[in-house]
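Work through the exercises below with the structure open. Each task is followed by a stepwise solution.

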Amino acid sequence: MTNRLDPRRLETFRVVATTGQVSAASRLLHLSQPAVTAQVRQLERECGQPLLVRTARGVRLNEAGQRLLAYALRHHQLLEEAALAVAGEDVLKGELVLAASTTLASYVVPDLLASFLRVHRGLRVRLEVGNSEQVLGWVGEGRAPLGLVEGHARAAGLRLEHYLDDELLPVVATHAPGEILQVRTLDMLQTVPLLWREPGSGTRAVLERALKRAGVRRGPQAGDLQLGGTETIKGAVAAGLGVGFLSRWSIQAELSSGRFRVLPLPDLRVRRTFSWVLPVDAPAGIAGHFLRHAREAPPSLAHP
């Protein structure tokens, strides 16, 4: 290994490692794919060993690459801090990278971005959207410097910080079949179709725990639907296909218009929190500025 690594190649390696694809890195860096590949290979020669494992789906880090990525991220963060120190805190330039689970990405993050970008114009934004497990993984891998998830209490190697309160409400369409509209007790939930999120979803994990605490022995069963996203479940509710447990943040318009009705189940309260996913060291640079803004000006929820 040489005594000095080329910082430009180190930055190219960081982008390839965090995106997992040479093609994506080439777009972000405004370089050709052969140029990106050449820079990474030159860096590997400087290090004296391979850093990436090439696969049919892209690239992944080997053990040496994982060690180097930690330094590449620190190098990138230090350069961001230096640029901010020279330009002044009111002038942010570059890219804001966030990760968020689907409900938050749809109903919380847009308002935060709107208020942040009104002050800091000209920033690029990249929002990675997945379920809670994916967001935790992306922040843990350094693909995103911070994230927002629902329903998780802990994650190895990461800090979770409470941000907003939420509640999953049992909702049905006002024109749903009679047996669904007539649900009034927990026992009656056993007899109607439920609309579930996919395994790995924070929403599903919170709902399963709440049902268990309430004494409802109910998991997915015949007649239920498993659907991959809040909007898909809202569509299924609107079609009268069953009972959906949806975030209060996601159904403001439907409750206000009367399209959805909340089932009266006083013995079941499905409360949860929205939390920031943070690395052990506090995010710096643009991500740090965004986090401070979000803490100081959280979005509000209008209760219908």
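Two strands count as paired if DSSP finds at least two bridges between them. The model used throughout is predicted.

**Exercise 1. Strand pairing**

Task: Which strand is joined to β3 by 7 bridges, and in what sense do the two run?

Solution:
- Step 1. The partner is strand β4, residues 124–130.
- Step 2. β3 and β4 run parallel.
- Step 3. To fix the register, take glutamate 95: its bridge partner in β4 is arginine 124.
- Step 4. β3 also pairs with strand β5, residues 147–150, in the parallel sense. That pairing has 2 bridges, which meets the cut-off of at least two.
- Step 5. Here alanine 100 stands opposite leucine 148 of β5.

**Exercise 2. The surroundings of β3**

Task: How many of the residues of strand β3 (residues 95–101) are buried?

Solution:
- Step 1. Buried means under 20% relative accessible area.
- Step 2. In β3, 7 of the 7 residues are buried, so the strand is largely enclosed by the rest of the structure.
- Step 3. Split the strand by face. In a regular strand, side chains alternate between the two faces of the sheet.
- Step 4. Glu95, Val97, Ala99 and Ser101 lie on one side. Leu96, Leu98 and Ala100 lie on the other. Both faces are covered.

**Exercise 3. Aromatic pairs**

Task: Search the whole structure; how many aromatic pairs are there? Classify two of them by the angle between their planes.

Solution:
- Step 1. The search gives 4 aromatic pairs.
- Step 2. Take phenylalanine 116 and phenylalanine 290. Their ring centres are 5.2 Å apart and their planes stand at 90°, so this pair is edge-to-face.
- Step 3. Locate the partners. Phenylalanine 116 is in helix α6 (residues 109–119) and phenylalanine 290 in helix α12 (residues 285–296), 174 residues apart.
- Step 4. Check burial. Phenylalanine 116 has a relative accessible area of 1% and is buried. Phenylalanine 290 is buried too, at 1%.
- Step 5. Now take tyrosine 163 and tryptophan 276. The centres are 5.0 Å apart and the planes at 55°, so the pair is tilted.
- Step 6. This pair links strand β6 (residues 159–173), which holds tyrosine 163, to strand β11 (residues 270–278), which holds tryptophan 276. The two residues are 113 apart along the chain.
- Step 7. Tyrosine 163 is buried at 10%, and tryptophan 276 at 1%.
- Step 8. Ring pairs link Phe116, Tyr163, Trp276 and Phe290 into a cluster.

**Exercise 4. Two helix crossings**

Task: At roughly what angle do the axes of α6 and α12 cross? Repeat the analysis for α1 and α3.

Solution:
- Step 1. The axes of α6 and α12 come within 10 Å and cross at roughly 110°.
- Step 2. The two helices are therefore roughly perpendicular. Their crossing is right-handed.
- Step 3. On the α6 side, the contact is made by Leu112, Leu113, Ser115 and Phe116. On the α12 side, it is made by Ile286, His289, Phe290, His293 and Ala294.
- Step 4. For α1 and α3, the axes are 9 Å apart and the angle is about 115°. That makes α1 roughly perpendicular to α3.
- Step 5. The α1–α3 crossing is left-handed. Among the contact residues are Phe13 and Val16 in α1 and Val40 and Leu43 in α3.

**Exercise 5. Helix α2**

Task: Which helices do the buried residues of α2 pack against?

Solution:
- Step 1. In α2 (residues 22–29), Ala24, Ala25 and Ser26 are buried.
- Step 2. The buried residues of α2 pack against α1 (7–19) and α3 (33–47).
- Step 3. Histidine 30 follows α2 and has a positive phi, near 60°.

Terms used: Residues numbered from 1 in each chain as written. Predicted model: local features only at pLDDT ≥ 70, side-chain atom pairs only at ≥ 80, totals over all residues. Heavy atoms only, no water. Phe/Tyr/Trp six-rings, centres within 6.5 Å; stacked < 30°, edge-to-face > 60°. Helix = DSSP H or I, 4+ residues; strand = E, 2+ residues; numbered from the N terminus. Buried < 20%, exposed > 50% of the residue type's maximum accessible area, 1.4 Å probe, protein only. Axes fitted to C-alpha atoms, helices over the stretch in contact; angles between N-to-C directions. Parallel < 35°, antiparallel > 145°, perpendicular 65-115°, else oblique. Left-handed = near helix turned anticlockwise from the far one by under 90°. Contact = heavy atoms within 4.5 Å.
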